[in-house]
Structure formats: C-alpha cells, structure tokens
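Here are my comments on the side-chain contacts and the surface of this model, set out as numbered points for you to check against the coordinates.

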Amino acid sequence: MGFSGVVKKNAKQLLNNFGYYSKPNFLIIGIEKSGSSGLFNTLSQHSSLSPSFKKEIHYFDNDFLYFQNNFTNYYHYFPLP
C-alpha cells in the first residue's frame, strides 16, 4: 500500500472515530439457504462497494434496537466508502 492508501485509510478511521459513517444504498434480504451469503461475498469483492462490517446485522428484527428509533447504532455497521 502506497502513501496515499495509508493516508486514505487513516482518514477513514479518524472520521469513523468521530461518528461519520455511510448509510446503506441497498440491503440484501434472504432466507436461509437462498444464496444471500454468496451474493454478499461476491459484491464485497467489488472495488466500488463497501460492505457492512458485519454480514448479518439483525437490527430490524431486534425489538430493543429497532424501537429506540436511534439509527446511529445501525449506521455504525457501514464504513465510509
């Protein structure tokens, strides 16, 4: 990794530490054994996409997190591009 790559990586980490995160443009929704993991892994390899830090977030099916109406916790799963 060259100097510009190191600077870009450090800048992203600094922004993440101050609470700046991306918002998702689309979601992959699938039932078990439907190929959603394969699709996630394939899309994660694309240079123009930034996958979530965790593959299965379980935010919307977690009553404690969802009903707080605080999406800041949700956005923490998505890195800056």
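**Notes on side-chain contacts and surface**

1. A search of the whole structure, which is a predicted model, turns up one salt bridge. The partners are Lys55 and Glu56, whose side chains meet at 3.0 Å, N to O. Lys55 counts as partly exposed because its relative accessibility is 35%, and Glu56, with a relative accessible area of 44%, is likewise partly exposed.

2. Three aromatic pairs are present in the structure. In one of them, Tyr74 and Tyr75 are tilted with respect to each other, with 5.9 Å centre to centre and 50° between the planes. The rings of Tyr74 and Phe78, in turn, have centres 5.2 Å apart and planes at 70°, so this pair is edge-to-face.

3. Taken as a group, Tyr59, Tyr74, Tyr75 and Phe78 are linked into a cluster by ring pairs. As for their surroundings, Tyr74 and Phe78 are both buried, the relative accessibility of Tyr74 being 6%, whereas Tyr75 counts as partly exposed because its value is 24%, and the buried class requires under 20%.

4. On the surface, a nonpolar patch is formed by Leu27, Ile29, Phe60, Tyr66, Phe67 and Phe71, which together have about 650 Å² of accessible area. One of its members, Leu27, lies in the loop between α1 (3-17) and α2 (36-44). With a relative accessibility of 49%, Leu27 is classed as partly exposed, because the exposed class begins only over 50%.

How values were computed
Residues numbered from 1 in each chain as written. Predicted model: local features only at pLDDT ≥ 70, side-chain atom pairs only at ≥ 80, totals over all residues. Heavy atoms only, no water. Patch = residues over 30% accessible without salt bridge, like charges linked within 9 Å, V, L, I, M, F, W, Y side chains within 5 Å. Areas by Shrake-Rupley, 256 points an atom, 1.4 Å probe, with all protein chains shown as cover. Salt bridge = Lys/Arg side-chain N within 4 Å of Asp/Glu carboxyl O. Helix = DSSP H or I, 4+ residues; strand = E, 2+ residues; numbered from the N terminus. Buried < 20%, exposed > 50% of the residue type's maximum accessible area, 1.4 Å probe, protein only. Phe/Tyr/Trp six-rings, centres within 6.5 Å; stacked < 30°, edge-to-face > 60°.
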